[in-house]
Every structure is written in C-alpha cells, then in structure tokens.
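Grab a pencil and open the viewer. Below are some exercises, each followed by a worked solution.

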Amino acid sequence: ATTAGALELHSSGTITQLEGTLSAASLSGDAGDVSILLNGNAIATLGTFTVTGGDFRLADGIALDVTGAVSAVNVALTDTAAGTPALTVSGSVAGTGTVGFTTTGTQRFTGTVDAGSGTLDLNAAGVTQEGGTLIAGVLLSSVGVTGDVRLDSGSNAVATLGGFTVTGGTLALTDGVALAVTGPAAGTDVVLSGTTLNITGAVNASGTASLTATAGTLDIAATGMVSGIGVVLNGAAGITETGVLKADTLSGGSTAGGASLTGAAMTGNHIGTLGDFATTLDFTLDDNTALTVAGTVTAPNVTLSSAAGGTALTVSGAVTATGTASLTATAGAMNIAATGTVSGSDAVVLQAVQLLSGSGVVVAGLLSGGSSGGAVSLTGANLIASLGSFSAAGDVTVANGQALTVTGPVSGTLVTLKTSGSL
C-alpha cells in the first residue's frame with residue numbers, strides 16, 4: 001500500500017504484512033496484534049496505534065518519528081535508515097513486556113518510553129535523550145551500541161541496568177530512582193547515577209568510570225567490579241565496596257557518610273593512585289598493588305593499606321584525619337615523600353614490613369608503629385606531640401619540630417630522636 005498521506009489500519013484481530021511494502025506519511029490504527037516486518041517499508045511518522053492483548057512489530061526503511069501513543073504487550077521497532085536520527089520518539093511508547101528499538105542509525109528520545117517492570121532494549125549507532133522519560137524494570141542492549149549513549153533525564157525510572165556495551169563512545173545514564181547494575185556495562189567512559197547505586201556486576205571503562213548515588217549509598221557488592229583508567233565514586237550517604245576496584249586513579253567522596261573500600265577476600269583492589277577523596281565519616285581503603293596517595297584525603301579517621309611488595313605505600317599528597325590516620329604496608333616499604341603530609345589530630349600509626357622512610361611531614365598527637373623487617377627514618381619537619389610504642393628491626397630516626405614526649409616503648413638497633421623543643 002502506498003499513500004502520500006495518512007495510512008490507518010484497524011482490525012479486531014491480527015494485522016500481518018505478507019507481501020509488498022507499506023509507504024505512507026503516517027501510520028496509525030488499532031488491532032489485536034500487528035506484524036509489519038517486510039523490507040522496503042517507508043513510513044515517516046508513527047501516530048497513535050493501540051494493540052490490545054498482543055504485540056506491535058514494525059520494520060521501516062526511512063527515518064521514523066513516533067509522534068503518537070503506541071501501546072502493546074511487546075513493542076519492537078526496527079529501522080534500517082542510516083539517519084541521525086533514524087528513530088525519534090517524541091510521543092510515547094508503552095509495553096508491559098519488552099520494548100525494543102533497533103536501528104542502523106541513531107535514536108533520539110524527547111517523549112516517554114514506558115516498559116513498566118519489563119525490559120527496554122536499545123541497539124543503535126548512538127542514543128540521545130533530550131527531555132522525556134524512560135521507564136523500565138531492566139535497561140539493556142542485546143546487540144550493542146556503536147556510538148555515545150546519553151540518557152540524561154533526571155526523571156528516568158530504570159530499576160536495573162543489565163548488559164549494555166557501547167563501542168567507541170560513552171555510556172551515560174541519569175536515573176531518578178534507585179539503580180541496580182547487574183551489567184556488564186561498558187564504554188569508553190561510563191557515567192551512572194541514581195538515588196542509590198548497587199553494583200553486583202561489572203562496570204568497565206577504557207577511560208573513566210564515574211558512579212554517583214545522589215541521595216543514598218553506593219554499594220559495590222562482593223560480585224561487583226568497577227574498572228577504568230580513572231574511577232570516581234560518590235555516595236551521598238556513604239560508599240561500601242567488597243568486590244573489586246581496578247583503577248590507575250581513584251577519587252570521590254561522601255557528603256554525609258564514610259567509605260569502606262575493602263575489596264573481595266581473594267582478589268581485592270588494584271589501585272595505582274589515590275586522588276582527592278573526602279568523607280564526613282571514616283575512610284578505609286585496602287589495596288593489593290603499590291599505592292601512591294597523590295591527592296588530598298580527608299576523613300575523621302583514615303585507614304590505608306597496601307599488600308604489595310617493594311615500595312607498597314607512597315604519600316606525595318596529603319592524608320588528614322581529625323582522629324587517627326593509620327597507614328600500613330603489610331608486605332613492603334612505606335615512604336612519605338618530600339611533598340607528602342600525614343596528619344592525625346589524635347594519632348598517626350605508620351606500620352611497614354620493610355623500610356619506613358619519609359622526608360615529608362608527620363603531624364600527630366601521638367605517633368606509633370614501626371617496621372617489622374627494616375629501619376625507620378622520618379627526617380621531615382614533623383610536628384609530633386607524643387611518641388608511643390615504636391619499634392624497628394633496624395635503626396630508628398625521628399626528627400621533630402616541637403617538644404616531644406616519649407611514652408614508648410621505642411626500640412631499634414640504634415634510636416635517634418631529634419627535636420627542636422624539649423624531650
């Protein structure tokens with residue numbers, strides 16, 4: 001059927017395309033089931049089409065704009081046009097099962113797509129959202145997307161992000177409800193936000209993975225993994241992680257909570273550099289590789305550990321705790337570089353297995369720790385009020401820029417304490 005104007009199809013039963021092509025400026029109608037799937041169809045606009053009790057399936061070969069209200073149990077729109085966009089949804093599409101859009105070109109959403117508690121499946125050369133709302137129990141891409149996916153409307157209500165791979169582009173989803181990520185979710189950059197975030201699958205970025213819980217907690221479960229050259233974690237009410245973090249650089253924070261990043265027991269975290277990280281409650285990070293603290297880390301209590309050999313823990317930035325700052329190299333050495341500062345108003349605990357050294361600054365109400373297998377040399381412009389229990393397998397050298405009280409015990413092959421005040 002060919003018409004330069006509107007094509008209306010009405011049936012109390014099934015509408016099926018068996019041969020030929022449909023060409024129309026617009027298509028609308030109602031039926032019990034619709035299957036228009038042959039090659040060569042040329043429909044410019046899809047108006048209101050109501051399917052009661054069945055599915056709506058349409059294959060099109062030119063750029064298609066859904067301006068009406070399309071509803072069915074399952075909705076499948078396929079478009080082979082190479083346009084930008086090939087598919088626009090400016091009206092509404094609703095289904096209770098699976099709503100799927102597969103296009104050779106890009107997809108653009110300005111209206112509403114409502115899959116209810118069902119599945120929304122997007123496959124395209126790129127997807128953009130300019131207003132409107134996406135609603136789905138599960139959002140996924142069964143085939144994949146080859147360009148940017150930017151679903152940035154804060155009114156989106158997606159319960160779960162399933163398998164969604166973006167090749168050569170960014171995967172960005174802004175959600176207005178709690179979001180669970182079962183994944184795998186992958187892209188050059190992956191940017192996900194929800195009122196809360198629960199990561200039970202994999203989030204893989206070849207660039208930066210940025211996860212934000214805007215109102216609640218960000219939780220990376222034991223089965224979860226987040227990897228990227230950069231990983232940014234922000235949880236309004238706190239961050240917990242018992243899975244795997246892999247990052248050249250980790251940063252983030254919490255404005256009303258803490259962060260406990262302890263990693264899975266057997267695999268653990270693999271973080272090269274800790275950048276800026278600020279929490280209002282305690283911050284804990286356990287790492288399995290050599291860790292450099294290059295940023296500013298602030299919390300009431302800060303606990304950092306690395307299980308790497310060699311120089312396991314280096315501080316070139318600032319670690320600041322209003323309570324206790326505790327740094328441990330469980331198998332290697334620790335160094336506080338000349339640019340580094342470790343500050344604990346109540347206490348600083350520094351513990352290494354190999355050499356514990358530093359030309360940077362230690363500011364502590366009470367300093368304790370030592371090295372079980374090496375020497376200790378803290379020669380910077382330290383400001384230590386009290387030196388508590390401190391031991392080393394080699395020599396112990398501590399310089400101090402103020403009066404020092406030794407509550408001890410302090411032991412080493414040779415112990416040298418230097419202070420500009422009283423001792």
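**Exercise 1. Surroundings of Leu291**

Take Leu291, skip its neighbours within four places in sequence, and list its contacts.

*Solution.* Begin with the contact list: Leu291 touches Ile271, Gly272, Thr273, Leu274, Leu285, Ser306, Ala312, Leu313 and Thr314. Keep in mind that this is a predicted model. Next, place the residue: Leu291 belongs to strand β35 (residues 291–293). Now ask about exposure. The relative accessibility of Leu291 is 1%, and the cut-off for buried is under 20%, so Leu291 counts as buried. Last, check a pair across the sequence: Leu291 and Thr311 sit 20 residues apart along the chain, with their C-alpha atoms 8.5 Å apart in space.

**Exercise 2. Do the same for Ser391**

Is Ser391 buried, partly exposed or exposed? Work out where it sits and what it touches as well.

*Solution.* Location goes first: Ser391 is part of strand β47 (residues 383–392). Its relative accessibility is 35%. Partly exposed covers the range between 20% and 50%, so Ser391 gets that label. For contacts, leave out the neighbours within four places in sequence, and you get Gly369, Gly370, Ser371 and Ser411 around Ser391. To finish, take Val376: Ser391 is 15 residues from Val376 in sequence, and the C-alpha to C-alpha distance is 8.5 Å.

**Exercise 3. Trace the salt bridges**

How many salt bridges are there, and which residues are linked in a network?

*Solution.* The count is 4 salt bridges. Let's go through some of them.

- Step 1. Asp33 and Arg57 form a salt bridge through their side chains, at 3.0 Å from N to O. This pair ties together distant parts of the chain: Asp33 is in strand β4 (residues 33–36) and Arg57 in strand β6 (residues 56–60), 24 residues apart.
- Step 2. Compare each partner with the cut-offs. Asp33 has a relative accessible area of 16%, so Asp33 is buried. Arg57 comes in at 23%, so Arg57 is partly exposed.
- Step 3. Look for another partner of Arg57. Asp55 also makes a salt bridge with Arg57, at 3.3 Å from N to O. Put the pieces together and you have the network of Asp33, Asp55 and Arg57.
- Step 4. Move on to Arg108, whose salt bridge with Glu130 has its closest N and O atoms 3.1 Å apart. This pair, too, links distant parts of the chain: Arg108 lies in strand β13 (residues 107–109), while Glu130 lies in the loop between β16 (127–129) and β17 (133–140), 22 residues away.
- Step 5. Arg108 is partly exposed at 28% relative accessibility, and Glu130 is partly exposed at 45%.

**Exercise 4. Rings and the core**

How many aromatic pairs does the structure hold? Then say which residues touch the most other members of the largest nonpolar core.

*Solution.* There are 3 aromatic pairs. One of them is Phe101 with Phe109, a tilted pair with 5.7 Å between centres and 35° between planes. Phe101 and Phe109 are each buried. For Phe277 and Phe283, the ring centres are 4.8 Å apart and the planes meet at 40°, so that pair is tilted as well. Phe277 and Phe283 are both buried.

Now the core. The largest nonpolar core has 107 residues, and Phe56, Phe101, Phe283 and Leu350 touch the most other members. Zoom in on Leu350: beyond its neighbours within four places in sequence, its contacts include Leu327, Met334, Ile336, Val342, Leu356 and Val362.

**Exercise 5. Strand partners**

Which strands pair with β42, in what sense, and over how many bridges?

*Solution.* Start with β39 (residues 318–321), which pairs with β42 (residues 341–344) in the parallel sense over 4 bridges. Here Val319 faces Val342. Then try β45 (residues 361–371), which also pairs with β42 in the parallel sense over 4 bridges. In this pairing, Ser343 has Val363 in β45 as its bridge partner.

**Exercise 6. Hunt for cis peptides**

Where do Pro184 and Pro409 sit, and what are the peptide bonds that lead into them?

*Solution.* Pro184 is in the loop between β22 (179–181) and β23 (185–187). The bond joining Gly183 and Pro184 is cis, with omega about 0°. Pro409 is in the loop between β49 (405–406) and β50 (410–411). From Gly408 to Pro409 the peptide bond is cis too, with omega near 0°.

Key
Residues are numbered from 1 along each chain as its sequence is written. This is a predicted model: local features need pLDDT of at least 70, side-chain atom pairs count only at pLDDT 80 or more; totals for chains, interfaces and linings use all residues. Side-chain values use heavy atoms; hydrogens and water are left out. Helices (H or I, at least four residues) and strands (E, at least two) are DSSP runs, numbered from the N terminus. Buried means under 20% relative accessible area, exposed over 50%, partly exposed in between (1.4 Å probe, protein chains only). Two strands pair if DSSP finds at least two bridges between them. A nonpolar core is a set of buried Ala, Val, Leu, Ile, Met, Phe, Trp, Tyr and Cys residues joined through side-chain atoms within 4.5 Å. Contact means heavy atoms within 4.5 Å. Rings of Phe, Tyr and Trp (its six-membered ring) pair if their centres lie within 6.5 Å; planes under 30 degrees apart count as stacked, over 60 as edge-to-face and the rest as tilted.
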